[in-house]
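These are my notebook entries on a single chain, set down in the order in which I looked things up. The structure comes first, and the entries follow it.

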Amino acid sequence: MFKKLFENISQVSYICVINSKMIVMHLIKMIVFIFTLLFYTNSYAQVSQTKKDSLLHIYLEQSREKKIESLDNIFEYYSRNNLDSAYFFNRLLYDQAIQVNKPKFMAVYYNNAGVLSMRKNDLNKAENFFMKAIDLAKKNNLENDLADYYKNLAGCFRNKNNLNRAIQYMFDALKIYEKTDNKRGIASSYNNLGTLYLNIDNYKKAMSYFTKGLHFVREENITQKIPIFYFNIGDIYKKQKMPDSSMYYYKKALNIFRTKHSNYDVSLIYENIAGLYVKFYNKPDSAFIYYKKIIEISDDDNKKIGIYSKLGELYSYQKNYNKSNKYLYNSLPAFKKDNNWLGLQFVHFYLYQNYKALKKWDSATYHLENFIDYQDSLKIQDAQVEIENLESKYENEKKQLQIEKMQLKQEKEKEIKKLLIAGLLITFISLLFVARNLFLRRKKNRLEKELLNTEKEKIEQDLQHKTRELTSQALMMLQKNKLLEDILQSLASIKNTGNETHKEILNLKRRLKRGMQSDKDWELFRQYFEEINKNFFKKLKEINTTITSSEMKLAALIKLRFSIKESASLLNISVGSVKTARYQLRKKLGLKRKDNLYDYLNDI
């Protein structure tokens with residue numbers, strides 16, 4: 001191959017010497033490109049000989065447009081394998097697009113940049129790139145490209161967890177695909193819409209789009225899409241806790257993927273089948289078989305690492321703690337390298353459980369502390385992402401309002417011109433314009449009402465989402481305190497130890513009690529609570545200024561319908577103390593015996 005490559009370079013060099021210095025510069029760029037292509041290809045992924053020769057042949061052609069198409073294909077390949085390589089080839093594409101000076105190729109560059117930003121989880125930057133690609137496609141009537149960009153933008157909003165916007169853009173893509181009769185685009189849109197509705201637990205609509213898509217790909221003979229719809233229907237049944245139906249559709253998809261030798265898809269189905277055996281059938285041995293199959297066939301190191309952690313979990317359930325620790329420790333370095341805090345939290349929790357069962361208290365304490373640290377870090381990270389999403393949403397809505405104001409201003413200016421012209425025409429034409437204005441006004445009012453209804457629905461959905469987050473936060477605090485109480489009880493049961501060990505145990509108890517009394521969780525809980533219940537604590541203070549911080553916490557838990565026992569665990573006090581605190585709270589609020597404390601707090 002290298003011999004052939006240098007023969008090609010020699011031939012081109014000869015032509016360059018004959019022609020001009022400008023061609024020499026192009027030769028240098030070409031050589032840099034070829035060696036860079038070889039470096040990235042040999043370093044990160046083995047592309048077939050035929051494919052390499054084909055890409056080089058296309059790039060060596062005189063047509064710049066074909067060079068750009070070749071670079072776009074190379075980018076698409078590397079975007080799934082190596083982001084650094086993908087970024088390099090997209091920059092080459094940008095240079096060529098500037099020289100060609102065609103909006104179509106600049107839109108391709110922006111779309112690719114959005115894909116890269118999304119892979120790096122920089123969602124705000126990805127959204128901006130996709131919007132630029134969409135603007136160029138709209139202005140230049142690039143309908144097929146526009147549909148693809150809408151689809152990518154929908155994926156960006158899905159990753160932002162703004163599923164309503166994602167569904168909206170996915171419908172925009174579907175309309176264009178249907179208009180241009182792009183069958184693969186239509187099939188992809190059905191699949192994506194089904195997945196989005198599945199993510200918001202709308203199983204009826206999700207099933208509707210998956211079955212519609214399955215029927216469509218069968219009719220149009222798009223056979224490679226059939227197993228994808230089988231797999232997604234299996235996901236619906238899994239979410240509805242119908243494991244037999246889920247297993248049936250997973251295996252239908254698996255049979256097709258096996259014939260296509262698609263290891264990635266096969267390993268994904270193996271993982272889901274293993275999950276069914278663990279969660280619904282209580283057959284860990286069957287799950288072991290599928291997890292080990294994934295390790296055998298998978299080329300993705302990250303996938304293997306994830307499976308190691310799941311094997312560690314299974315061995316822990318089977319009380320084979322040493323083997324569990326082996327797999328869990330194997331997964332730790334990769335999780336640390338990728339800053340996968342959720343994975344690290346998971347691994348440290350099971351290592352803590354294993355060492356606790358083995359009564360190795362130092363190791364158990366070490367992993368427990370790591371688990372709590374990563375748990376706190378994850379909460380902070382989630383809060384930061386939520387703040388960034390809210391800021392992005394505010395900026396986008398602000399820009400949208402500015403655009404709408406500008407459009408309204410332009411429309412008003414047009415109306416004034418039309419009215420001036422109408423004044424010179426006969427009364428009949430003037431009446432026609434008046435009628436037209438009335439129609440537009442009614443239409444505008446109708447649209448405004450629809451927008452108000454849509455905004456109201458969005459607010460209600462946001463409120464439900466925040467309520468779920470608040471309840472989840474409280475439950476996590478409950479689980480944390482319960483966990484710490486269990487450890488304290490375990491430590492209290494240890495007797496007949498030496499002085500040094502006894503001192504260490506007392507020190508550990510003090511540290512655990514400090515963890516139970518930490519205000520960090522309460523502060524995060526308070527932030528979520530006040531987002532939903534505005535001025536609740538302020539109103540309590542207005543009713544009675546002597547109400548304490550502990551009584552305000554109790555009032556919040558009562559408003560959320562937590563039982564006395566659950567409140568005691570969250571507040572880290574006894575059940576009797578909670579009852580006394582409730583009595584004191586009722587007294588400070590001036591409630592009579594017949595008054596219901598929950599109803600009173602719920603009305604504040």
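Entry on Tyr270. I began with Tyr270, which is buried because its relative accessible area is 7%, where buried means under 20% relative accessible area, exposed over 50%, and partly exposed in between, with a 1.4 Å probe and protein chains only. Tyr270 lies in helix α14, helices being DSSP runs (H or I, at least four residues) numbered from the N terminus. I then looked up the spacing to Tyr290, which is 20 residues from Tyr270 along the chain, and found their C-alpha atoms separated by 5.5 Å.

Note on the model. This is a predicted model, so I kept in mind that local features need pLDDT of at least 70 and that side-chain atom pairs count only at pLDDT 80 or more, while totals for chains, interfaces and linings use all residues. Residues are numbered from 1 along each chain as its sequence is written, and side-chain values use heavy atoms, with hydrogens and water left out.

Entry on salt bridges. How many salt bridges does the rule give? I take a salt bridge to be a side-chain nitrogen of Lys or Arg within 4 Å of a carboxyl oxygen of Asp or Glu, and by this rule the count comes to nine.

I looked first at Asp145 and Lys104, which form a salt bridge with their closest N and O atoms 3.0 Å apart. This pair links distant parts of the chain, since Asp145 is in helix α8 (residues 143-159) and Lys104 in helix α6 (residues 103-119), 41 residues apart. Asp145 counts as buried because its relative accessibility is 17%, whereas Lys104, at 34%, counts as partly exposed.

Next I took the salt bridge between the side chains of Lys310 and Glu271, at 2.6 Å from N to O. Lys310 lies in helix α16 (residues 301-317) and Glu271 in helix α14 (residues 263-279), so the pair ties together parts that are 39 residues apart in sequence. Glu271 counts as buried at 18% relative accessibility, and Lys310 counts as partly exposed at 27%.

I also noted the salt bridge of Glu530 with Arg526, whose closest N and O atoms are 3.5 Å apart. Both residues lie in helix α22 (residues 520-532), four residues apart, which is about one turn of the helix. Glu530 is partly exposed at 32% relative accessible area, and Arg526 is partly exposed, also with a value of 32%.

Entry on helix packing. How do α9 and α10 run relative to each other, parallel or antiparallel? The axes of helix α9 (residues 163-179) and helix α10 (residues 183-199) come within 9 Å and cross at roughly 165°, the axes being lines fitted to C-alpha atoms over the stretch in contact, with angles running from 0 to 180 degrees between N-to-C directions. The two helices are therefore roughly antiparallel; angles under 35 degrees count as roughly parallel, over 145 as roughly antiparallel, 65 to 115 as roughly perpendicular and the rest as oblique. α9 passes α10 in a left-handed crossing, which is to say that the near helix is turned anticlockwise from the far one by less than a right angle, clockwise being right-handed.

I followed α10 onward to helix α11 (residues 203-219), where the packing angle is about 160° and the axes are 7 Å apart. That angle makes α10 roughly antiparallel to α11, and α10 passes α11 in a left-handed crossing.

Entry on positive phi. Asp181 is not a glycine, yet I found its phi to be positive, at about 55°. Asp181 is found in the loop between α9 and α10, and it is partly exposed because its relative accessible area is 49%.

I logged Lys319 in a similar way, for this residue has a positive phi of about 65° although it is not a glycine. Lys319 has its place in the loop between α16 and α17 (321-337), and it is exposed because its relative accessible area is 63%.

My last look was at helix α25 (residues 564-571), in which Ser567, Ala568, Ser569, Leu570 and Leu571 are buried. After α25 comes Asn572, with a positive phi near 65°.
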